[in-house]
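Thanks for coming. I have one structure to show today, and I will keep to the pockets, one strand and the packing inside.

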Amino acid sequence: MSDKSGTLTDGQKRQFVTEGYLIMKGLYSPNELEEIERTFEEISHRFIPGHFEPVLNASSADPLSRYPRVMQPHRFDETALRYMLHEPVLDVLTDLFEEEPLAAQSMFYYKPPGSRGQALHQDNFYLKVEPGNCIAAWLAVDSADMENGGMLVVPKTQEHEIVCPELADESESFTKHLVKVPEGTKAIPAVMEKGDVLFFNGNLIHGSFRNKTKDRFRRAFICHYAGQSAMRIASHYRPLLRADGSVAETDINHEGGPCGVEFEALYPH
């Protein structure tokens, strides 16, 4: 599977460069996946200000009020930090960046049955990595398909500039922003088995539909990375971390993207 230049074959590298994304298998063992599941199951019963703020003791029509996304769990949980710096993932990222990857963000999505999806968007609109770009590593903790709200990607849009989002339909998306599918392209499902990892470029347009099932969660552990040559990134993603957990110094990117600083406080996914 590997070639002499690194973890990825030439074909896998070409897939990422031409399509903007790549799905990899076998980067996590069953025991590692079980540890991630166990860790976030325990977190799901806690209230962690600024990171995970569920409504634990009240009923709601919105399942995401009980199971919101966990933001930056690596900042309070050692297991999340360890898997953010998971060596097999970093090896793939080294090939994709062609330099050392630096970890910027971790998240965990529970996406319970009935919960809304996320409108199409571009990650580097939020991270604002300069120079270069960010890359996401999206681990399917559960199998992900169109029924339980799996990922949608718009191939080849990694070549498109970051654009100003429009307002999304909040009855279907838990976020407010939408990037429309460019003419001549279309969103396709990225169907994933448990343990698969989807890597995608920070300009790639992507999102997800509602979880239409009655009994299936669509859990995912998602991290974002920049290359070591990055000099600036939005403040919410600092500090960047090297593989050994040490801090890589970068400046704050105060630019609010093409639409201004009013979007700086928002996170992707």
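I will start with the two pockets, then go to a strand, and finish with the nonpolar cores.

One caution before that: this is a predicted model.

Pockets, then. The largest one has a volume of about 200 Å³. Which residues line the largest pocket? They are K13, F16, V17, D95, L96, F97, E98, N133, C134, I135, Q158 and N201. Helix α1, residues 10-19, helix α5, residues 87-97, and strand β5, residues 134-140, are the elements that give two or more residues to that lining. Sorted by class, the lining has six nonpolar, three polar and three charged residues.

The second largest pocket comes out at about 180 Å³. Its lining has 14 residues, and those nearest the centre are Q118, A119, E172, S208 and F209. At least two lining residues each come from β4, residues 118-121, and β11, residues 206-208. Of the elements, β4 gives the most, with three. The classes here are seven nonpolar, four polar and three charged.

Now to strand β10, residues 197-201. Is this strand mostly covered or mostly open? Mostly covered: five of its five residues are buried. V197, F199 and N201 point one way, L198 and F200 point the other way, and all are buried. N201 also appears in the lining of the largest pocket.

What pairs with β10? Strand β1, residues 21-24, does so in the antiparallel sense, over four bridges. β5 pairs with β10 as well, also antiparallel, over five bridges. You can see both pairings at V197: M24 stands opposite V197, and L139 stands opposite V197 too.

That brings me to the packing. The largest nonpolar core has 37 residues, and those that touch the most other members are Y28, F40, F199 and Y225. F199 is one of the buried residues of β10 that I just mentioned. The elements giving two or more residues to this core are β1, α2 (30-43), α4 (78-84), α5, β3 (101-109), β5, β10 and β12 (220-227). The largest share is from α5, with six residues.

Take F40 as an example. Which residues does F40 contact, leaving aside its neighbours within four places in sequence? The list is V70, P73, A80, F108, Y110 and F221.

Apart from the largest core there is another, of 17 residues, and its members include M107, Y109, W138 and V153.

That is what I have; questions are welcome.

Key
Residues numbered from 1 in each chain as written. Predicted model: local features only at pLDDT ≥ 70, side-chain atom pairs only at ≥ 80, totals over all residues. Heavy atoms only, no water. 1 Å grid on protein atoms, 1.4 Å probe; cavity = no way out; pocket = protein on both sides within 12 Å on 5 of 7 lines; lining within 4 Å. Points joined across faces, edges and corners; volume = space filled by probe spheres on them. Nonpolar A, V, L, I, M, F, W, Y, C, P; charged D, E, K, R; others polar. Buried < 20%, exposed > 50% of the residue type's maximum accessible area, 1.4 Å probe, protein only. Pairing = 2+ DSSP bridges. Core = buried A, V, L, I, M, F, W, Y, C linked by side-chain atoms within 4.5 Å. Contact = heavy atoms within 4.5 Å.
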